[in-house]
Amino acid sequence: GCKKYLDYKPDNSLAIPKTYNDFSALLKNPDVFNYGSKGGTPNYGEVSCDDYFLPQSTIAALRTPLLQIYTFQRPDNADEITSANDWFLSYAQIYYSNLCLENVQPSSDKKWEELRGQALFYRSHNFLNLVWNHGKAFQESSSTDPGIVLRSTTNYYEKNSRATVKQCYERIIEDTKEAAKILPDLPENVFLPSRASSYGLLART
């Protein structure tokens, strides 16, 4: 009848994830969690860090937005600000992680727990990148300094306010420690988080 016709999904992208394979595919989506056509790994912090220095010949050849980021300036290119910038890329990964965490509950099933650990890791990793780039450094005033929005839901209509820097770090540490407990020592492939990567994230927090 009509209901059966309306239940048909004309495009797989419209399907609602329900199974283990669905959620596993979400967290393995290279267009979201690795470099891809729709996103990539947030890198503004690395571009503007002092781990390296570029020669003048390389600086002269940089596109204007990258030059501005490298020299600690806000990009004045509207596309860099409103499209796939680090803020967008980070919260896209957080959204995917929250979608999994809303549907993957603590379980005695090892493979489902591993999915939950991956989602916790990805969300914490992005929270840390965001608070590094958009919050103040951790200091005595961190209990009142504004940090970032700690999104924990996929509900677009739920209003959130910025957490303090202290609250951000507390959440990152709590979730990463939980991820370390349930992730395997070695991942299925090098692109997925593991217990070792969780401890590495804690070390950088």
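In which helix is the place of arginine 116? Arginine 116 sits in helix H9 of this predicted model, and the first view below is centred on that residue.

**View 1. Arginine 116 and its surroundings in helix H9.** The relative accessibility of arginine 116 is 10%, so the residue counts as buried. Its side chain makes a polar contact of 3.0 Å with the side chain of glutamate 178. Leaving out residues up to four places away in sequence, arginine 116 touches Leu101, Val104, Gln105, Pro106, Glu178 and Ile182. Glu178 is therefore on the list of touching residues as well as being the polar partner of arginine 116.

**View 2. The edge-to-face pair of phenylalanine 33 and tyrosine 96.** The structure holds nine aromatic pairs. In this one, the ring centres of phenylalanine 33 and tyrosine 96 are 6.1 Å apart; the pair is called edge-to-face because the planes meet at 85°, above the cut-off of 60 degrees. Phenylalanine 33 belongs to helix H3 (residues 30-33) and tyrosine 96 to helix H8 (residues 86-103), so the pair links distant parts of the chain, 63 residues apart. Phenylalanine 33 has a relative accessibility of 6% and counts as buried, whereas tyrosine 96, at 23%, counts as partly exposed. Both residues are members of one aromatic cluster, formed by Phe33, Tyr96, Phe121 and Tyr122.

**View 3. The stacked pair of tyrosine 95 and tyrosine 156.** The two ring centres are 5.6 Å apart, and the planes lie at 20°, so the pair is stacked; the cut-off for this class is under 30 degrees. Tyrosine 95 lies in helix H8, and tyrosine 156 is in the loop between helix H9 (110-134) and helix H10 (165-182). The pair thus ties together parts that are 61 residues apart in sequence. With a relative accessible area of 28%, tyrosine 95 is partly exposed. Tyrosine 156, at 67% relative accessibility, counts as exposed.

**View 4. Lysine 111 over the face of tyrosine 20.** Lysine 111 is placed 4.7 Å from the centre of the tyrosine 20 ring.

**View 5. Asparagine 103 in helix H8.** The side chain of asparagine 103 reaches the backbone oxygen of leucine 99, at 2.7 Å. Asparagine 103 counts as partly exposed, at 41% relative accessibility. Asparagine 103 and phenylalanine 23 are 80 residues apart in sequence, while their C-alpha atoms are 8.8 Å apart in space.

**View 6. Threonine 164 in the loop between H9 and H10.** Although threonine 164 lies in a loop, its relative accessibility is 16% and the residue counts as buried. The cut-off for buried is under 20%. Apart from neighbours within four places in sequence, threonine 164 is in contact with Ser142, Ser143, Thr144, Asp145 and Gly147.

**View 7. Confidence across the model, with helices H7 and H10.** The average pLDDT of the protein is 86, and 87% of the residues score at least 70. Among the elements of the protein, H10 has the highest mean pLDDT, 97. Helix H7 (residues 78-82) has the lowest, with a mean of 53. Where pLDDT is low, the predicted coordinates should not be read in detail.

Methods:
Residues are numbered from 1 along each chain as its sequence is written. Side-chain values use heavy atoms; hydrogens and water are left out. Rings of Phe, Tyr and Trp (its six-membered ring) pair if their centres lie within 6.5 Å; planes under 30 degrees apart count as stacked, over 60 as edge-to-face and the rest as tilted. Helices (H or I, at least four residues) and strands (E, at least two) are DSSP runs, numbered from the N terminus. Buried means under 20% relative accessible area, exposed over 50%, partly exposed in between (1.4 Å probe, protein chains only). A charge sits over a ring if NZ of Lys or CZ of Arg is within 6 Å of the ring centre and within 35 degrees of the ring normal. A polar contact is a pair of N or O atoms within 3.5 Å; within protein, one must be able to donate a hydrogen and the other to accept it, and residues adjacent in sequence count only if both atoms are side-chain atoms. pLDDT is the predictor's confidence in each residue, from 0 to 100. Contact means heavy atoms within 4.5 Å.
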